[in-house]
Every structure is written in structure tokens, then in C-alpha cells.
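Here's a quick walk through one protein model, from the overall picture down to single residues. Keep the viewer open and follow along.

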Amino acid sequence: MVSQVTCLADGLEFGHKLQANSVCPLHSSSKEEGALHATTFLVNNRVRAGSNSTKSQKPFFQTLKSLTRSGKLEEAVQLIESLPPNLRNTETYSIVLHACISHKSLEHGRRLYLELLAKDQHSQRLLKEATLKSKLITLFSVCGYLEEARSIFENTFNSETVHESVWVAMAIAYSRNGCLKEALLLYTDMLWHHVKPGNFAFSLALKACADLNEIDIGRGVHAQVIKSYEEPDQVVNNALLALYAECGCFNEVLQLFGKLPKRNVVSWNSLIASLIKQNQVFEALNLFRRMQREKMGFSWVTLTSILAVCARLTALHFGKEIHAQIVKSCIRADILLLNSLMDMYVKCGVVDCGRMLFNRMRNKDLTTWNTMLTGYAINGCMDEAMGLFNEMVSSGTRPDDVTFVALLSGCSHGGLTETGQAYFRKMEMDFGISPTLEHYACLVDILGRAGKLEEALEVVRNMPMKPGGSIWGSLLNSCRLHGEVSLGEVIAKRLFEIEPNNAGNYVILSNIYAKAGMWDSVNMVREMMQRRGIKKEVGCSWVKVKNKVETFVAGGGTEFRKSVQYKKMWFELAEAMETHGYVPDTSVVLHDIDEAMKSIWVCGHSERLATMYALINSGAGMPIRIAKNLRVCADCHSWIKVVSQVTGRTVVLRDTTRFHHFKDGECSCKDYW
């Protein structure tokens, strides 16, 4: 019999080696069935022999674990169903229920649950144990049966006390199925029942508060953590960091981070996320560098966050470094990270690299297609965008509202009026996607930019929802482009009611008046802004040179402009550009001053300063990449075109709406933007 137990522990064809003095049902059609019958036979023999020791049960548990590890849940459940009462215990059911959860096997888990309900009092006592309750709740919740999980939880109250683990299991079930409020309410209900929360409960409640942006409740949970008899573990500390980061409480994040006894990658990720939320993107990059210096390592979440920063700053060099780290990693990048990497390339103006990555991705989701499509659209590659859209539909990937926003905005900035209208019709007719305000704003912009203001107004009158600021703002910008003063005044008045604090609307109206030479009206708008405490956003541009990102503001860079290198480069450029017929367009200056002063003001625009800095401090032939927080002005656009022709340098400028690729005196936008 000892040899039989050894074979059973090994779990390898022990049914064929079993030699018993009595009849043994081993003549089955498969090795698995033979193993099952052999196990049952041995168990029954042990029971008859009166051996209930832990040693005698060990081979059985090893077999059960072997079956569950190999995914043979049917055999495992059959084995439990054939067990005598003395071997049916918490550990037995836990082993199989854990496997059912891992495989999301509701069928086998439900069989065990029903068996526990139907068996003797011993089984029903097992069902009241916290471990099995928790596992059953988890099983039903991971399989999407929240009501059944809730039913099991509520049956718990028949006993005198409910263990914290059961409360936590039910709260996790709510959270897993998107019922965050219910999860938080359950936590408060647990406190009402005088159950002391531990670290599991704290971390769950804090996560729910973060997801719901409930900072006040989160602070209350934080107070309970401090008062708790149990020291907060790493998970709770990270949940606190995530709470304050999500709710924008940057000072609290810094304080917590500084006091943490131990920091892991999740802790650093929370601080990086907080910095990004506070718009401190340069600090986020520096923190990532610090992580690397301290040999903390990183997770895919870390890299996904930093790639978004690189995309925002057009920091291509940093983005390429992260790409290299991904390639060197022994773990295959997930689709979220690859989508972020592709997004970084296209938003740094390197569309070809984005497309190469797109082509090499084994799996593509809807975000993958939309990211590449948006990349083509914002870089002015509408032929490629339309080709990719056709490829997307042919592949069986169904477009969504984001897909059509990319196509429509690309048509708007590319002057593809008829194509844009066709896509708008196709969206609902062919794909059943109802247009949103954003889609209508794109259509209005398409018509308005083309000078079809009456048609644009007709769309606004007939759209099924009330037009918002984006719709009227698009119309106001079209009035600026086509010098429609009276219509612009009417629309601006409407915008001042809808968005009284949006400085951009006041600036566009000033532009309309300035273009018409109505300086009294320009002053009137400026005085209105002063009375209402509205300040125009300062133009800001940044450029990366020699591993450092330099930032310039309009009218700033005084020391740089006084430098010998700047003056030398400026005069050389001025002479060369004059031979190419460049004349400053001073109409972009919204002040009633003489032409000489207007020319000086234009020279201080941030994108021009950034271009000059890159020309001086980077090698000949190197592309220049600039990002700007506002729309590029018309004169700077003309100036950079000539700079690209005179110097032979490619300049890639990203403003608030799109990319401008300047090369050999031409721009990818074809002067339509």
C-alpha cells in the first residue's frame, strides 16, 4: 500500500500501477478516469482502515492540486463529489474553487456550491466559513453574476458575525463590475456592523474614493488608516497616493511620498501621475530620470505615462529612449503600451515611424487604428488617412465616433469640403453612429473654413441638440478667416454668454476688428477683458536641443535676443530672406501702433524665438521640432517657410490644432489651416 501512495503523490499513471487485494475499478477508457477511480478507491480503503491522519490525506490533496493545476476541473469536481464526509473540508473545496475562479468556470463552481447546499449538516457548516464564502462570491462576480454573489453574501448574515474577508470579497465584486458607489456603501455598512477594517478593506475603499473622485470620504478613510491597530502596508500607502493624485491634491501626494517607509514602482507611478495631472510635465520627466538613477525599474504603466508626456512635449529623443527600453525588456509589451508608443511618434510628427510600429503590431484594437488615423489627420496626410480607414473597414474593425472625429477634423484642416460632408453622411448611414456635438463642430468648421457660412449656419439651426461653445467658436473663427464683422459680433455675443471666461473668444473678436482696421472696437474688447478679469493666454513654445527642453514665451528671451550669436544669425537670415521676398505681415499685431513697432513685436513671438535657438544650437541639417500652446500666427508661418528654404532645415511645428511640416519653403498644410 505504501507504493500505491507514492505513485498517487507522483500523480503519474498511478492507476496502472495499483495492485490491490480486492477488486479495483481501473479498467476505464482514459488515464484521467483511471486516476480518478484509483484515488477514490484509495480514499475508501483509508476510510475503511480507520485512518484519518493528515499523512493519509496528503496524497489525495496532491492529486487534487495536480488536477486543478492542469485545468482538469471536471475530474477534480468528480473527485470531491465522491469523497466521504471526513475528507470534505475547507481546504478541499478551496483548492477547486480557486481553480474555478482562475478559469472563470461557473459550471464547475456552481456544482460545488449546490453540492454544499444539498449535502449533510457538515457541508452546510462548511458553507458558513469565511474562506469558502469569499471564494464563492469571487467566483460568481468574476463570471458576471453579481446578483448571485450578493445572494451568497446576504445569506452570511444568518450567522452571528461576518468576517472582514467576506465583506471585502463582496466589495471587490461590486468594484470589479463597475458598481463603485455600491462598493463604498458596503464599506460603510461594514463599519456600521462593527467590523474592524484591515488593510484589504482600506485599500479597496481608497480605490473606490479615487475612482469616484470622493476626496472628503477618502480623507475619512485615511484617518481610519492612521487610527488602525494594523500598520498600513505598501498596497494601502499606494492607494492613498493614488487617491490624492487622482483628486489633484498634489501637496498631500508629496507629503505622503516623502514619508513612505518603502517605495515600489506603484508609488513612483502615483507621483508621476500626480505631476502630470498638475501639468508639471517637465517635473514628471525628471522624476522618471530619478527613478532610473535609483535603480527602481519601471512598469508598463510608468512608460505609458511618460510616453504621453513625450507626445505632449514633442520630446522625440526621450520617446526613442523609452522605445529602446521596451525593446530591451524581456517581457513583451502589451497593446496599451504599444498604442502609447505609436501615439508618441505621430504626435512628434514622425508619422513614418508610427506606421512602421502599426504594421508590426501582432494584435490591433480599435484604439490602435484610431491612433494611427488621428496621427495621419493631424499631420496633414489625408490621403493616407482615408486609405487607412478603408483598410480598417476591410479588416472587420468597426469604426466609432473617435474615428470620424479624426477624419472630419482632418478634412476641415485640409480643405476637403465635399469629402468631409460625405464622411459625415456615411457615419450614420453606413455605420449607425449618431453624430455628437464634436462631429457637428467639425462639419460646421469644414463649411465655415471653405467660406460657406450660410450652409454652416443652416447646419447649426437644424442640428438635433443645442449648439455649444465649440460650435459657435468654430463659426467665430470662420468669420475671422473671411472678414465677416457683423456676423462675428453676433456670434461673439452668444459665446460671451455661454463661455464668459474663455479668453480665446475675445481674442478672435479682436482679430476680426483688427483685420478690419476697427481699432476703437479692438480697444473696447480689451477693456471688456480687463473689467471681467480675463487674461489672454501667453504664447509659449518649447524646443528640445541637446537633451534639454528650452521654453520660450512671447516677448521673452531678452538675454538670448541680446546675445552675439542671436544677432549674427538674425542679420544673416534677414538678408537671405529679403532676397526671397519675405515681408513681415504686421496685421497679426492687435495694437494700433506704427509698422516698425509691429515688426519688432512679431519678432518676439515664441515660435520664432524657439526656431532661432534651435538654428544656433543644433547641427546643420538636423530637423527642428517645436511645440506651441496656441495657434501659430500667420506671419510666423510665412517666416518659418522661408527659413526652411534659406537654411535647408526641416522644421516641424505643432500648434493647438495640427502639425506644420516646413521643408524647402513649403508647408504640409498648403497654407490652409
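What follows goes from the whole chain to its cores, its empty spaces and a handful of residues.

## The big picture

First things first: this is a predicted model. The protein chain has 673 residues, and 50% of them are buried. On the secondary structure side, you'll find 37 helices and six strands.

Take the contacts between residues at least 6 apart in sequence: 64% of them join residues at least 24 apart. As for the outside, the chain exposes about 33100 Å², with carbon and sulfur atoms supplying 53% of that area.

## Two nonpolar cores

In soluble globular proteins, nonpolar side chains tend to be buried together. Here, the largest nonpolar core takes in 162 residues. Which of them touch the most other members? Ile137, Met170, Ile326, Met344 and Leu475 do.

Pick Ile326 as a way in. Setting aside residues up to four places away in sequence, Ile326 touches Trp300, Leu303, Leu307, Ala333, Leu337 and Leu341. There's also a second, separate core of 31 residues, and Cys636, Val642, Cys667 and Cys669 are among them.

## The second largest pocket

Next up is some open space: the second largest pocket holds about 500 Å³. Its lining counts 18 residues, and those nearest the centre are Ala333, Leu338, Leu357, Arg360 and Met361. Ala333 has already come up as one of the contacts of Ile326.

Where does the lining come from? Helices α20 (316-328), α21 (335-347) and α22 (351-360) each give at least two residues to it. Sorted by class, the lining splits into twelve nonpolar, four charged and two polar residues.

## Closed spaces inside

Rolling a probe the size of a water molecule over the atoms shows where empty space is left. In this model, that gives four cavities of 30 Å³ or more. The second largest cavity has a volume of about 50 Å³.

Around the second largest cavity sit Leu285, Phe288, Arg289, Gln292, Ile306, Phe318, Glu321, Ile322 and Gln325. The elements giving two or more residues to this lining are α18 and α20. By class, the lining has five nonpolar, two polar and two charged residues. Helix α20 also supplies at least two residues to the lining of the second largest pocket.

## Two loops with positive phi

Most residues other than glycine have a negative phi, and most peptide bonds are trans. Asn279 goes the other way, with a positive phi of about 65°. You'll find Asn279 in the loop between α17 (265-277) and α18 (281-293). Asn279 counts as partly exposed because its relative accessibility is 47%.

Lys295 is another non-glycine residue with a positive phi, near 55°. Lys295 sits in the loop between α18 and α19 (300-313). Is Lys295 buried or exposed? With a relative accessible area of 74%, Lys295 is exposed.

## Three buried residues up close

Start with Leu407, which is in helix α25 (residues 401-414). Its relative accessible area is 1%, so Leu407 counts as buried. Leaving out neighbours within four places in sequence, Leu407 is in contact with Leu373, Met382, Ala385, Phe389 and Tyr423. Met386 lies 21 residues away from Leu407 in sequence, with 7.7 Å between their C-alpha atoms.

Over in strand β1 (residues 540-545) is Trp542, which is buried with a relative accessible area of 14%. Which residue is 85 places from Trp542 along the chain but has its C-alpha 5.6 Å away? That's Ala627. Beyond four places in sequence, Trp542 touches Arg312, Leu313, Val549, Glu550, Thr551, Arg625, Ile626 and Ala627.

Finally, look at Lys641 in helix α37 (residues 634-647). Lysine or not, Lys641 counts as buried because its relative accessibility is 16%, under the 20% cut-off. Its contacts, again not counting residues up to four places away in sequence, are Phe662, Gly665, Glu666, Cys667 and Asp671. Cys667 is also one of the residues in the second core.

Note on methods:
Residues are numbered from 1 along each chain as its sequence is written. This is a predicted model: local features need pLDDT of at least 70, side-chain atom pairs count only at pLDDT 80 or more; totals for chains, interfaces and linings use all residues. Side-chain values use heavy atoms; hydrogens and water are left out. Helices (H or I, at least four residues) and strands (E, at least two) are DSSP runs, numbered from the N terminus. Buried means under 20% relative accessible area, exposed over 50%, partly exposed in between (1.4 Å probe, protein chains only). Contact means heavy atoms within 4.5 Å. Accessible areas come from the Shrake-Rupley method with a 1.4 Å probe; for residues, only the protein chains shown count as cover. A nonpolar core is a set of buried Ala, Val, Leu, Ile, Met, Phe, Trp, Tyr and Cys residues joined through side-chain atoms within 4.5 Å. On a 1 Å grid over the protein atoms alone, a cavity is a set of points where a 1.4 Å probe fits but cannot get out, and a pocket is an open set with protein on both sides within 12 Å along at least five of seven lines; lining residues have an atom within 4 Å of a point. Grid points are joined across faces, edges and corners, and a volume is the space filled by probe spheres set on the points. Ala, Val, Leu, Ile, Met, Phe, Trp, Tyr, Cys and Pro count as nonpolar, Asp, Glu, Lys and Arg as charged, and the others, Gly among them, as polar.
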